[in-house]
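This briefing is for a reader who has not met this structure before. It begins with one pair of residues and then goes through the model topic by topic.

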Amino acid sequence: MTLGLRGLSVHYGSTIAVSEVDLTVADGEVVALLGPSGCGKSTLLRAVAGLEQPASGAVCWDEQDLAAVAVHRRGFGLVFQDGQLFPHRDVAGNVAFGLRMAGIDRAARVERVTELLELVGLRGYGNRSVTSLSGGEAQRVALARALAPRPRLLLLDEPLSALDRVLREQLAIDLAEVLRATGSTALVVTHDHDEAFTLADRVAVMHRGRLEQIGRPDEVWRRPASPTVAAFLGCTTQLPGEVQDGIASCALGSVRLAEAAVPQDGSVLLGLRSTALTADPVGELAGTVIQRVHRRDHVRLLVEPRDPAISAAVRTAKGADAIVEAVAPVADAPAPGEPVRLSLAAEGIAIVRTH
Ligand SMILES: Nc1ncnc2c1ncn2[C@@H]1O[C@H](COP(=O)(O)OP(=O)(O)OP(=O)(O)O)[C@@H](O)[C@H]1O
């Protein structure tokens, strides 16, 4: 019960949308395909579904090439961004669709629909018109419809991206629970890091049609395989540094790394996220606040380091200005023009490369 992509490439005319991707999704595993817009995530998913033909390579199920197997014979369930429910059928009619196609008798259909609506948190919604549903409810129905015929693989293309942020966060948690509860094997396309990390056992990061890295969420987060992956995962500044006995140091200071991120002693490239520097009265780095922006539960600062040698190191690393990002608590965050001291925080740091 394994999906295997073997050197899969998909072209649109002269555009190479997917390039030589090798990927295995094990039974019961949820893999998120993550990457910037246009990197080929949806095309890859569509090729797995059978909606796009590979230019080369193969989509296999248990080592059998699916090239000759039509979309509706693959036994895969699909959920798209906008649900694509049938407007002329009620909720129960939508959820029962695949069961009806499979020739399941009425009593069994009713039972399965009830079970699925319960699972996605929509008990009692069976007779509702789908046009009366909120965006979040509609996506739950789409999920129930895809799960009803017990697909051997679930393919989800940006299933939550049409929803607002609060709803998306909640539904991502619910979706993760439903996937675990049903033991589903799934491939989920998303461009949202949080969503990928909430849902997936493993995250596959794509860039320009290629698979750049695949690994457990914490692994990918702490040890991005390349500067490109690191930049996509929010490491806006990447600086050369050293690791010695679990302590990382660079031009901006030093910090004890979280255990899981500690590489062997030696030279490294450190990736700094916006939370890598925090306001700290006894911090190693002195600077001047250039800009202050209030966020929900913290304040984001742009800071210019005071020491010209440090500024030069940052400017060289960024290939742009010498401004660094930092966070401060909402209470008494310094204002633009004021001095600030910053220290490195391990949670905001990734090890991009060891030399
Ligand atoms: N039907 C098509 N015809 C021609 N080119 C296409 C077609 N579909 C996608 N492409 C191109 O293939 C590349 C990959 O597109 P794809 O939609 O797979 O990326 P994506 O990572 O899913 O992006 P997004 O997150 O924006 O949906 C892009 O350059 C896109 O313009």
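**Briefing**

Cysteine 250 has glycine 253, in strand 13, as its bridge partner. The model that shows this pairing is predicted. The protein has 10 helices and 20 strands, and its C-alpha trace spans about 75 × 45 × 40 Å along the principal axes.

**Overall make-up**

- Of the 355 residues in the protein, 40% are buried.
- Among contacts with a separation of 6 or more, 68% are between residues 24 or more positions apart.
- An unreviewed UniProt entry carries the annotation "domain: ABC transporter" for residues 3-233.
- Over residues 3-233 the chain is 35% helix and 26% strand, and the C-alpha atoms at the two ends of this stretch are 26 Å apart.

**The sheet of 5 strands**

- This open sheet has the strand order 13-12-11-14-20, and its pairing is antiparallel.
- Strand 13 (253-256) and strand 20 (349-354) are at the edges and have a single partner strand each, so one side of each has no neighbour in the sheet.
- On average, neighbouring strands of this sheet are turned by 35 degrees against each other, direction ignored.
- Strand 12 (residues 247-250) pairs with strand 13 in the antiparallel sense, over 4 bridges.
- Strand 11 (residues 237-244) and strand 14 run antiparallel and are joined by 7 bridges; here glutamine 238 has glycine 271 of strand 14 as its bridge partner.
- Strand 14 also pairs with strand 20, over 5 bridges in the antiparallel sense; leucine 270 has isoleucine 351 of strand 20 as its bridge partner.
- Strand 14 (residues 266-272) is largely enclosed by the rest of the structure, because 5 of its 7 residues are buried.

**The sheet of 4 strands**

- A further open sheet has the order 2-1-4-5, with antiparallel pairing.
- Strand 2 and strand 5 (64-65) are its edge strands, and each of them pairs on one side only.
- Strand 1 (residues 3-12) and strand 2 run antiparallel and are joined by 7 bridges.
- One of the residues paired between them is tyrosine 12, whose bridge partner in strand 2 is threonine 15.
- Helix 1 lies across strand 1, strand 2 and strand 4 (56-61), and the angle between helix 1 and strand 2 is about 65 degrees.

**Around the ligand**

- Tyr12 and Thr15, the bridge partners named above, are both among the residues around the ligand.
- The other residues around the ligand are Ala17, Gly35, Ser37, Gly38, Cys39, Gly40, Lys41, Ser42, Thr43 and His191.
- Strand 2 (15-25) and helix 1 (41-49) each supply at least two residues of this shell.
- Helix 1 gives the most, with 3 residues.
- By class, the shell has 3 nonpolar, 8 polar and 1 charged residues.

**Serine 343**

- Serine 343 is in strand 19 (residues 339-344).
- It counts as partly exposed because 19 other C-beta atoms lie within 10 Å, while a residue needs 20 or more to count as buried.
- Leaving out residues up to four places away in sequence, serine 343 touches Gly253, Thr278, Asp280, Gly283 and Glu284. Gly253 is also the bridge partner of cysteine 250.
- Serine 343 and leucine 269 are 74 residues apart in sequence, and their C-alpha atoms are 18 Å apart in space.

**Two glutamates with positive phi**

- Most residues other than glycine have a negative phi.
- Glutamate 63 has a positive phi, near 70 degrees.
- This residue is in the loop between strand 4 and strand 5.
- Glutamate 63 counts as exposed because it has 9 C-beta neighbours inside 10 Å, and 12 or fewer is the limit for that class.
- Glutamate 158 also has a positive phi, near 45 degrees.
- Its place is the loop between strand 7 (153-157) and helix 6 (165-181).
- Glutamate 158 is partly exposed, with 19 other C-beta atoms within 10 Å.

How values were computed: Residues numbered from 1 in each chain as written. Predicted model: local features only at pLDDT ≥ 70, side-chain atom pairs only at ≥ 80, totals over all residues. Near = placed C-beta within 6 Å. Nonpolar A, V, L, I, M, F, W, Y, C, P; charged D, E, K, R; others polar. Pairing = 2+ DSSP bridges. Axes fitted to C-alpha atoms, helices over the stretch in contact; angles between N-to-C directions. UniProt positions renumbered as here; feature names shortened; annotations may be inferred. Contact = placed C-beta atoms within 7 Å.
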